[in-house]
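Hi everyone, and thanks for coming. Today I'd like to walk you through one structure, chain by chain, so please have a look at the picture first.

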Amino acid sequence: MLLIGTVSVSWYLAVGAVLFVLGAVCMATKRNLLGVLMGVELVLNGANMNFIAFGSKVLRPEGSLGLDGQLIALFVIVLAAAEAAVALAIALNFYNNHNTVDVDRANELNG
Amino acid sequence: MDLIAVAWPYWHQFFFVLFAATAIGFGFGVLLSKNVVRMAFYLVLSLGSTAGLFFLAGAEFVGAMQLMIYVGGTMVLLIFGVMLTAQKDFINMDTHTQDWILATIVGGSLLMVLLFGAFGSEDWKTPQDITDAEVQATKEATPLGLALTGIRVDTLGESTDAVAEGKSGYLMPFIIVSIHLLVVLIGAAYMARTKKLSHATDDKSSRAKLMLFKMEHEEEQLEEEQYVVTHRAKSALNPLDSENED
Amino acid sequence: MADFIDYLFGIDDSWFSYLVAALVAAVLILHVVAVGALLFIWMERKISGRIQDRLGPTRVGGKFGWLQTLADGIKLIAKEDITPDLADRFLFKIAPYIGLAASYAAFIALPFADGVVGQHLNTAVFFVLAVLGLEVFSVILAGYASGSKWSLFGAMREAAQVVSYEVPLGMCVVVPVMICGTMNLTTIANMQSGFFTNWLVFNDPFTFLTAIIYFTCATAGVNRAPFDLAEAESELVAGFHTEYSGLRWSLFFMAEYSSMFIVSALASILFFGGPHGPIPIADILGLLPTENLGSGSAQAFNENADGFFAAMNVQVMIARVLGVGNLILKGVIGVTLMMWIRWSFPRLRIDQVMTMCLKYCVPLAAIGFIGATAWQYLDLPTGNALVDAPRYEHHEMWTDGLSKNESDVEAEAEAVESVEEVQTPHANDKVTDASSVTVKTVPVSVEKGGDQ
């Protein structure tokens, strides 16, 4: 069905939505700290897909966000890299202090 | 010959389906795999396919950026983390069944809402035609770079108030992001540095002091509980004392 | 290409012609990878032999042993494909293919001559670097999946090294991009046409410095000696590919040699004129007359079959073959230089590698970048201006059609003027900037040619 039509923005949004949900579920279910991080990356990626789709002049010559979409996607990517660096540092610290990467055991501040 | 002559202008669709399927498929791989390293590997492939989708949508610079920063930089960092923490106990961690059920329900409903939104608007659903020349014109990276330095080539003709005041560019966010990156660099390096007190110091006396400190600490706790254990700790402490003296 | 096949069969927009065109291009690039690896491995043996006062291979295939690699290849294919017990089987088996795919994919955007390129990308420099950076994954995966301490150590070292060296490498690449005002490799190469004084390496002292730093970082980036800690034989057996054998092992080598060629070719395009030789033979002989190419340019070449035939004239083909030969020659020289370095210098320690990167390469690259920027900004004389060499106009074959057509540019200029009339002083500054920048980026040839 898709192969004989033309791809519209909606299909890109759908892919973005699926990636977003996969990432969210990943964040919720993984017990490994790094698994949670990967979920975050997927979520950001899904969101980025929306920006690209709306900013694309190829998909929507009229009414597209134009450059703004691409620029915001760029900023998201840069911030995601920063986020990953800090999160990894936190993960390593957590591992050093607790000798585990299981987020369920990060409950020391629990009263 | 007849088969060959079939016109087939559906390359965009073909590659869209290809990249979307790999992106989503490997996304499921990330979700369902239990091994951390394999998860990272699937994530790389998923992000790479997404970069392919970006290329397809005409955002070449963002696609290359995705490959370079996300896949090249972030993922290497991630794999680093995996390796530093990948030990037999943590490499496979099972998720509790109730978590799975809950997450699937919540995620499924979220997906329904998002898909409903995605296909809800008639404007988004109807594909628009575009010629090859127009497609080529959208792939320029120069306007992007200019926009980052505060000049919007695409809105020059509009001469709205925002443009007149030079507000439509992204110079300010660009500077903020660069400073942010610097802060993150320093912060991450500070947090992930080797702790001098934990291990791997060549200074013998400081290591001994650390052990002493640990044991004293232990001792305090234990004193409240049991005298016998404390006694044992003290006897273990003695040789260290003598070592510390010289 | 696709349109040419369409024309041959008298069909339009067929899936078949696209497929054939893609396959032909892919197979051509595959030959660069495979034959290149064959040649380079033979060269490496001969060169190392000569440097160590030996002969190197002499027997297989006649006088110079030039079939040695082929014989080795047949031997490797015939070998058993071993997977260790402790290995993560799936990742272990797939790792070599990732490395090869990454270095193969980087060829997509690498122009061999004006118009001889797999896919014309506006951000080609960036794309090549990004895709080459993916190669480290195969090493990490191989190291992890082998289930061996040696492999893991080698992989970790390589990951640390490659990630750190990407920083100065990127900073070096930015310099030609900034001078040329584009990330399009074809345009960057074309801006260096004419005599060798026009090459960017001779543009100013800082680009010369940058070229040297680039080559150092590229050597480190593809893990060649003296930076090949990932496979330090004395400590790590063979590093990340300790557990590999047979065909999979040889795939690692093919990936290594092809990425060596890519970084050398990239260096030649960015700094050493790319497909333009030291003396512009094609220009002097008049093989590239501008007026002929106006309509029959590579842009038209892609658009319709008539344009294809117009661009197919013999002179242009000869010029292109010359260009491809030039680029490949420069690439091979770069690879030879890497081999020479490999057999001349001892291997560094990991801390020395890191010191080299962070304490020397990064600051030097930063100096080069700032210096080159200042040189451009102050409009100091370039190398070409010091020598009284005639400068041949370059032909923006691809970029002519791709950059905005004239009416667009005019409209834009009008728009700029109209905005300039807005009397906010701040806005005025900005917009004057805009116009100057756009002028600088689009018709660079005009500006530079005027220097003479």
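**Where to be careful, and what we can read**

Let's start at the tail of chain B: over residues 239–246 the pLDDT stays under 50, and for this stretch the model has seven contacts beyond four places in sequence. I should say right away that what you are looking at is a predicted model, so that kind of confidence score is worth keeping in view as we go.

Staying with confidence, chain B as a whole averages a pLDDT of 70, and 53% of its residues score at least 70. Residues 222–233 of chain B are another stretch below 50, with eight contacts in the model beyond near neighbours in sequence. Chain A has a mean pLDDT of 80, with 88% of its residues reaching 70 or more. Within chain A, confidence is highest in α1(A), at 88, and lowest in α3(A), at a mean of 83.

Now, what is chain B made of? Twelve helices and zero strands. If you read along the sequence, you simply get α-α-α-α-α-α-α-α-α-α-α-α. Of its 246 residues, 31% count as buried. And if you take the contacts in chain B with a separation of 6 or more, 43% of them are between residues 24 or more positions apart.

Let's zoom in on one helix of chain B, α1, which covers residues 11–32. Here's a little check you can do yourself: at 1.5 Å a residue, its 22 residues should span 32 Å, and the end C-alpha atoms are 31 Å apart, which agrees. Which residues of α1(B) are buried? They are B:Phe16, B:Phe19, B:Ala20, B:Ala23, B:Phe26, B:Gly27, B:Val30 and B:Leu31. Seen down the axis of α1(B), these buried residues fall within an arc of 155 degrees, so they line one face of the helix. On the face turned away from that buried side, you find the exposed residues B:Ala21 and B:Leu32. And what covers the buried residues of α1(B)? The cover includes α2 (36–56) of chain B, together with α1 and α2 of chain A.

That brings us to how chains A and B meet. The contact takes 72 residues from chain A and 78 residues from chain B. On the chain A side, the elements giving two or more residues are α1 (9–29), α2 (33–55) and α3. Which of them gives the most? It is α3(A), with 22 residues. Sorted by type, the chain A side has 49 nonpolar, 16 polar and seven charged residues.

We can do the ruler check on α3(A) too. Its 32 residues should span 46 Å at 1.5 Å a residue, and its end C-alpha atoms are 46 Å apart, which agrees. Just after α3(A), A:Asn99 takes a positive phi of about 60 degrees. Further on in the segment after α3 (67–98) is A:Asp104. Is A:Asp104 buried or exposed? It counts as exposed, because it has 10 C-beta neighbours inside 10 Å. From A:Asp104 to A:Val9 the C-alpha distance is 39 Å, with their positions 95 residues apart in sequence.

Next, the inside. As a general point, nonpolar side chains in soluble globular proteins tend to be buried together. Here the largest nonpolar core has 189 residues, and those with the most contacts inside it are A:Tyr12, A:Val15, B:Leu53, C:Leu110, C:Val128, C:Tyr214 and C:Ile262. Take C:Leu110 as an example: leaving aside neighbours within four places in sequence, it is in contact with C:Val117, C:Val128, C:Leu185, C:Ile262 and C:Ala265.

Let me finish with two more residues of chain C. C:Val324 sits in helix α16 (residues 314–342), and it counts as partly exposed, with 16 C-beta neighbours inside 10 Å. C:Val324 and C:Pro111 are 213 residues apart in sequence, but their C-alpha atoms are 8.8 Å apart in space. Not counting residues up to four places away in sequence, C:Val324 touches C:Phe112, C:Ala113, C:Val116 and C:Pro275.

C:Asp81 is in the loop between α3 (68–78) and α4 (89–105) of chain C. With 12 other C-beta atoms within 10 Å, C:Asp81 is exposed. Beyond its neighbours within four places in sequence, C:Asp81 is in contact with C:Ser245, C:Gly246, C:Leu247 and C:Arg248. C:Asp81 and C:Ile367 are 286 residues apart along the chain, and their C-alpha atoms are separated by 49 Å.

How values were computed
Residues numbered from 1 in each chain as written. Chains lettered and ligands numbered in written order. Helix = DSSP H or I, 4+ residues; strand = E, 2+ residues; numbered from the N terminus. Buried ≥ 20, exposed ≤ 12 C-beta atoms within 10 Å, placed from the backbone. Contact = placed C-beta atoms within 7 Å. Nonpolar A, V, L, I, M, F, W, Y, C, P; charged D, E, K, R; others polar. Expected span 1.5 Å × (residues − 1). Arc of directions from axis to C-beta. pLDDT = per-residue confidence, 0-100. Core = buried A, V, L, I, M, F, W, Y, C linked by C-beta atoms within 7 Å.
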